[in-house]
Every structure is written in C-alpha cells, then in structure tokens.
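Hello,

Here is the structure we talked about. Please open it and keep it beside you while you read my notes.

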Amino acid sequence: MQEQNELIKILVEKHGRTRNALMPILQDIVAEKQFLEPSDIALVAEELDLSAADVYGTATFYTFLDTVPRGKNVIRVCKTISCYMSGKDEIINALEKVLNIKVGDTTVDKQFTLLTANCMGWCHKGPVMLINDDVYHSLTPEAAIEIVQQYKEKSKN
Amino acid sequence: MDTSNLKKVDIIFSKVDNPLQILDKALQKSPDDIINEIIDSGLKGRGGAGFPTGLKWKFTKNEDSDVKYVICNADEGEPGTFKDRQIIEEVPEKIFIGMALAAYCIGAKEAYMYLRGEYNFLKKDIIPKMEWFNNEIKNRGLDVTLYLRSGSGAYICGEESALFESMEGKRGEPRNKPPYPTKAGYNNKPTSINNVETLVFVTMIQHLGVEEFKKLGTKDSRGSKVFSISGDTPIPGIYELELGMKVSDFVREFGDGDTKAVQIGGASGFCVPRKNFENTIIGFEGIPTGGSVMLFNSSRSMYNILHNYLDFFVEESCAQCTPCRAGLQQLLKGIEAIKRREKPASYLNELIKLSQTMKVASKCGLGQSVANPFVSIVENFKEEIIF
Ligand SMILES: Cc1cc2nc3c(=O)[nH]c(=O)nc-3n(C[C@H](O)[C@H](O)[C@H](O)COP(=O)(O)O)c2cc1C
Ligand code: SF4
Ligand code: FES
C-alpha cells in the first residue's frame with residue numbers, strides 16, 4: 001500500500017493533476033505493475049479530483065489498461081487478417097501448450113498472461129506477438145516457444 | 001521488374017544531409033506563404049480521408065484563439081497499415097519539422113504526437129530525438145514545443161475526435177461533427193491534426209519545391225504515397241509509389257500469379273475482384289487509401305476474410321451509437337446464419353441494406369465505412385459467402 005501510494009504520488013507530480021494527465025498516469029502504473037487495481041483507481045481519482053467511476057470508465061475503454069490481474073509478462077498475439085493468413089492459430093496453439101493455459105488466462109505462477117489483440121502494424125512480417133512492449137515478428141511455433149522459454153529463464157534469475 | 005508500369009519514388013524515406021536546413025529555409029517565409037505553397041502543391045491527407053492539407057492549416061490559422069494545437073496522428077491502426085511505424089523509425093526528424101512548420105503556420109505553441117501503444121518500443125528512440133529537436137527550435141527562437149502522448153490499444157482513437165477525447169483523459173468516443181477540429185479540437189481549441197506521412201510530405205515539399213512534387217501523380221492525386229503491402233505476395237513490405245496507378249499494374253508487380261482479389265484501404269476499405277483490376281485506379285479519383293493494400297490468392301476463403309474484418313470492427317467499435325453497435329452484431333450473426341443454412345441466401349440483401357443504413361446513420365467513420373468491405377466482398381463473392 002505504501003509503495004503504491006508512493007508510485008502514484010510520483011506519477012501525479014510528473015504528469016500533473018489535470019484530467020489531461022490521466023492517460024499518462026494510468027499508462028505508467030500499468031507499465032510498472034501490469035494492471036490497475038481498484039485501489040489504484042481510487043487513489044488516482046482522489047489525486048486528480050475526479051470520481052472513481054470516471055477514472056474506471058476511462059480505464060476500461062482501453063485494451064492495454066487492464067483492470068483484471070495480469071501476469072508479469074503479457075503476451076498478445078495478433079489475430080487480424082494478415083496474421084490470420086500467415087498462421088496465428090498455430091502460434092496460439094503452441095503458446096497455449098507451452099504455458100499450459102488458454103487465451104485469456106494467466107499462469108499459476110503469475111509470470112505470463114496470454115491474450116490476442118488486433119493488428120499491431122507488422123502485417124508484412126506475420127505472425128506477430130507483443131510481449132509487454134517488445135515485438136516479435138515472422139514467428140514460427142518453435143520460435144514463439146523459444147522466446148517464451150527465454151522469458152522464463154530471465155524470471156528465474 | 002523492368003516491364004513495370006509502376007513508378008517507384010523515394011521522397012519519404014530519403015535521407016537529407018542536414019534536415020534542419022529545411023526548417024531554416026522554410027522559417028524565412030511567412031506562414032501564409034507556406035500555406036499557399038501547400039495548397040498549390042495539391043497535397044491531400046495521407047491518413048485516409050484525403051482532406052487538402054493546406055486548407056486544413058488555413059482554416060486553423062484563421063480561427064481567432066490564443067491557444068491552438070498541432071497533432072501528429074501516429075495511431076496507425078488500420079489493419080494492413082504499417083508504414084507510419086517505419087517512417088517514425090527511419091526519418092523522425094522529417095516528421096518533427098512538419099509538426100514545427102504546422103505550429104508556425106497556424107500559430108500553435110504545442111504540438112503533440114499521439115503514438116499507438118503497440119509502438120511503445122519506439123519511445124526510447126523518439127523521446128531523446130524529440131528533446132534534441134525541441135532544443136534546436138528553441139535556439140531558433142521559435143516558441144513551439146513537441147510532446148509525445150501514447151494510445152492504449154484502441155483503433156478508434158485514430159479517429160481524430162476520439163483521439164482528442166483520449167488525450168483529454170476520457171473514453172475514446174468520437175464526437176459529433178461539426179464542429180470540426182479546425183474550430184474545436186483538443187481541449188476544444190482550434191487544432192490541426194495530420195497523419196505522420198502527410199507531415200513528412202510537407203517537409204519534403206519545402207525541401208524539393210512545389211513543382212517537383214506536382215510532377216508526380218495525377219490531377220486529383222498529386223504526389224506519391226507510401227504503401228503497406230501484405231497478404232499473398234512474394235514481396236510484402238513498404239513501397240513508395242506514384243499515385244493514380246491501375247490495380248492491374250499493381251497486381252502484376254506484387255501478385256503471386258494467382259491473385260483473385262485486392263483489398264485496398266484496410267478493413268474499412270474496398271475489395272476489388274480480378275475482373276475489375278483493369279479499370280480500377282488507386283488514388284483519390286478511384287479508391288483512396290491510407291496505404292494498406294492486401295492481396296488474396298485463390299486459396300483464400302472470402303467468407304473467412306469478411307468474418308475476420310467483422311470480428312475486428314465488433315471489437316473496435318466504441319459502441320456508443322446503436323447503428324454501429326447493433327448493426328455490426330447483426331452483420332456478423334447474419335453471415336454466420338447464412339453459412340449454417342439457418343437463413344436463406346436472400347437474407348444477404350437485407351444485410352447489405354443494413355450496412356448501407358449504417359453508412360448514413362452511424363456517428364463516425366468506423367460505422368460509416370463498414371459497408372465498404374461488406375458490400376464489395378458480398379457482391380463480388382456471393383457464392384463463397386453462401387456456400
Ligand atoms: C476509425 C478511424 C480510424 C482512423 N485511424 C487513423 C490513423 O490511425 N491514423 C491517421 O492518420 N488517421 C486515421 N484516421 C483519420 C483521422 O480521423 C484524420 O482524418 C487524419 O488523421 C487526418 O490527417 P490527414 O489529413 O493528414 O490524413 C482514422 C479515421 C477513422 C474514422
Ligand atoms: S460509428 Fe461505431 S465507432 Fe463510431 S461512434 Fe458510433 S459506435 Fe462508436
Ligand atoms: S494483421 Fe497482424 S500485425 Fe497487422
């Protein structure tokens with residue numbers, strides 16, 4: 001709680017207390033902890049003198065401002081047309097298998113959340129996925145598994 | 001490729017030795033002179049809608065307000081479009097110069113780039129470059145500052161008024177128009193919003209001169225355009241081509257020998273079947289595009305393609321107006337029901353009518369353009385949709 005207070009205080013200092021600062025503040029919280037808890041929303045609302053419902057309304061509009069618990073690494077596989085044509089289904093199957101979860105779920109150790117998303121701007125190099133902010137394109141199922149393994153290794157160290 | 005009828009161009013990505021010289025040269029002219037040059041060049045917006053850029057700047061300049069804004073739309077979310085990302089990666093300073101010139105011309109002190117969240121990885125390069133640029137313009141005594149704002153995964157925020165709402169910390173729900181952004185945009189102040197590529201063209205028109213730019217393209221489609229080419233092609237990628245080409249010439253160059261249809265303008269654009277390749281022009285006099293061109297060969301099911309587009313729109317609609325929200329659900333359920341034989345083939349005509357109603361009754365460009373892919377795919381590939 002203390003830490004959370006600190007983070008939000010710092011962000012409010014950085015971005016300001018106007019409503020125009022709301023998106024940057026929420027984005028930075030998500031960058032730090034992957035999703036927004038009800039208490040984050042309440043705190044931000046208080047700092048910016050907005051109603052919590054208002055802040056919640058904004059947050060829930062945006063796919064990347066998650067308001068449900070997410071793993072440390074959020075994987076988003078593109079499912080739009082070009083990636084559909086270049087084999088996104090095989091990528092999703094491979095990831096579901098290696099992570100042992102279905103799309104929409106988070107692993108028990110809270111390391112990974114697997115999601116799908118719409119066109120990410122790499123249609124000439126599909127299939128594509130984002131892990132947090134990083135892009136991986138021209139995927140094969142093997143490559144996707146390999147990349148996830150690397151994240152697993154990293155989290156061990 | 002020698003037999004190609006397409007003219008490849010290298011304006012957008014060309015490296016300029018000292019790009020700040022372009023800014024310095026332009027700043028010796030008055031705002032009106034620059035605006036008139038851009039009007040004269042015939043440059044139209046490269047974000048899709050194709051509004052004349054010079055006029056947009058003139059309208060914003062003519063508004064009486066102490067506070068005005070410039071926005072660079074880097075939300076690039078149209079399926080099949082990826083050229084703005086590459087422009088931002090390769091020639092950001094040319095975008096910044098375009099933003100600074102827009103601010104100088106209309107009388108704005110703040111210029112924002114709204115970058116889609118999917119491109120967050122670009123920030124570590126962009127932010128220091130923007131700081132450097134801000135310093136350079138300060139040194140020149142120009143009272144303009146560039147800022148970066150991010151999206152958070154919502155296609156609709158590429159629509160200009162939804163983008164303003166998002167920057168104001170609200171849900172990205174498009175506003176009613178009028179008033180137009182030139183009168184009441186970000187913070188309800190006069191705002192000139194342009195696509196990334198449009199702003200680079202402004203810079204390059206200043207660099208090369210109006211006449212050089214006008215040599216390219218046709219009367220209605222001046223200049224060149226960066227295309228994002230994907231789908232069934234051996235050479236997917238980003239190409240700058242002269243505007244006003246025939247689809248047939250395009251397919252000869254980029255097709256895989258088995259092209260049955262080309263989708264121009266992304267999910268919200270039009271599907272051109274093979275029989276129309278010869279008599280369809282890519283450009284403002286034919287099919288305008290933000291640059292997305294996708295090729296489909298005969299192994300593809302047009303039903304699956306249409307279904308994928310509709311899934312996209314259902315998810316990305318902001319759902320604030322009924323024609324779009326309910327219409328999309330009905331179109332999707334409708335084609336599924338016909339496929340399963342629960343509805344007769346004639347039901348397609350009702351769905352076409354519904355999409356045409358959406359065109360007139362929806363609040364923004366998203367709902368209004370669903371009929372483009374829907375009608376052009378259904379009418380040209382009826383058998384594939386039904387059976
Ligand atoms: C649903 C929707 C999404 C849009 N997305 C974008 C976008 O990602 N990038 C863009 O430049 N314009 C987009 N536009 C067009 C903008 O509203 C606006 O017309 C454009 O930014 C103006 O710039 P231009 O005149 O330089 O093209 C979109 C429009 C609609 C209706
Ligand atoms: S047309 Fe669709 S996206 Fe546009 S305002 Fe209406 S519901 Fe929202
Ligand atoms: S369709 Fe997947 S990145 Fe565009």
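In what order do the elements of chain A run from the N terminus on? They go α-α-α-α-β-α-α-β-β-β-α. That comes to seven helices and four strands. Please keep in mind that this is a predicted model.

**Chain A overall**

Chain A has 157 residues, and 52% of them count as buried. Its C-alpha trace spans about 50 × 35 × 25 Å along the principal axes. Take the contacts in chain A with a separation of 6 or more. Residues 24 or more positions apart make up 59% of these.

**Helix α3 of chain A**

Look at residues 38–48, which form helix α3 of chain A. Its buried residues are A:Asp40, A:Ile41, A:Leu43, A:Val44, A:Ala45, A:Glu47 and A:Leu48. An α-helix has 3.6 residues a turn, so residues three or four places apart point the same way. The cover over the buried residues of α3(A) includes three helices of chain A: α1 (2–15), α2 (22–33) and α4 (52–61). Just after α3(A) comes A:Asp49, with a positive phi of about 60 degrees.

**The cores**

Which residues touch the most other members of the largest nonpolar core? They are B:Ile156, B:Phe296, B:Leu310 and B:Phe374, in a core of 74 residues. Helix α11 of chain B, residues 302–316, gives the largest share of this core, with eight residues. Another core lies apart from it, with 70 residues. Among the residues of that other core are A:Cys123, B:Ile87, B:Leu148 and B:Ile238.

B:Ile156 is worth a closer look. Set aside its neighbours within four places in sequence. B:Ile156 is then in contact with A:Phe61 from chain A. Its contacts in chain B are B:Ala162, B:Gly172, B:Pro174, B:Glu316, B:Cys318, B:Cys364 and B:Leu366.

**Ligand 2**

Two of those contacts of B:Ile156, B:Cys318 and B:Cys364, turn up again at ligand 2. The ligand is surrounded by 13 residues. The closest are B:Cys318, B:Cys321, B:Cys324, B:Cys364 and B:Gly367. By type, the shell around ligand 2 holds eight nonpolar residues, four polar and one charged. The largest cavity is the space taken by ligand 2.

**B:Val314 in helix α11**

B:Val314 is found in helix α11 of chain B. Is B:Val314 buried or partly exposed? B:Val314 counts as partly exposed, because its relative accessible area is 27% and the buried class ends at 20%. Beyond four places in sequence, B:Val314 is in contact with B:Leu328, B:Gln329 and B:Leu332. B:Gln329 is 15 residues away from B:Val314 in sequence, yet the two C-alpha atoms are 6.8 Å apart.

**B:Lys225 in strand β5**

B:Lys225 sits in strand β5 of chain B, residues 224–231. How does B:Lys225 count, buried or exposed? B:Lys225 is buried, because its relative accessibility is 2%. B:Lys225 has a long contact list even with residues up to four places away left out: B:Arg46, B:Lys83, B:Glu197, B:Phe201, B:Tyr239, B:Glu240, B:Leu241, B:Leu243, B:Thr289, B:Gly290 and B:Gly291. B:Leu241 is 16 residues from B:Lys225 along the chain, and their C-alpha atoms are separated by 5.6 Å.

**Backbone points to check**

There are cis peptide bonds to look at in both chains.

- A:Gly126 to A:Pro127 is cis, with omega near -10 degrees. A:Pro127 lies in the loop between β2 (112–117) and β3 (129–131) of chain A.
- B:Lys177 to B:Pro178 is cis, with omega near -5 degrees. B:Pro178 is in the loop between α7 (160–167) and β4 (191–195) of chain B.

Positive phi values also occur in residues other than glycine.

- A:Ser138 has phi near 50 degrees. Its place is the loop between β4 (134–136) and α7 (141–156) of chain A. A:Ser138 is partly exposed, at 41% relative accessible area.
- B:Asn188 has phi near 60 degrees. B:Asn188 belongs to the loop between α7 and β4 of chain B. B:Asn188 is exposed, because its relative accessible area is 53% and exposed begins over 50%.

Best wishes

Definitions and conventions. Residues numbered from 1 in each chain as written. Chains lettered and ligands numbered in written order. Predicted model: local features only at pLDDT ≥ 70, side-chain atom pairs only at ≥ 80, totals over all residues. Heavy atoms only, no water. Core = buried A, V, L, I, M, F, W, Y, C linked by side-chain atoms within 4.5 Å. Buried < 20%, exposed > 50% of the residue type's maximum accessible area, 1.4 Å probe, protein only. Helix = DSSP H or I, 4+ residues; strand = E, 2+ residues; numbered from the N terminus. Contact = heavy atoms within 4.5 Å. Near = heavy atom within 4 Å. 1 Å grid on protein atoms, 1.4 Å probe; cavity = no way out; pocket = protein on both sides within 12 Å on 5 of 7 lines; lining within 4 Å. Sits in = over half its atoms within 2 Å of the grid points. Nonpolar A, V, L, I, M, F, W, Y, C, P; charged D, E, K, R; others polar.
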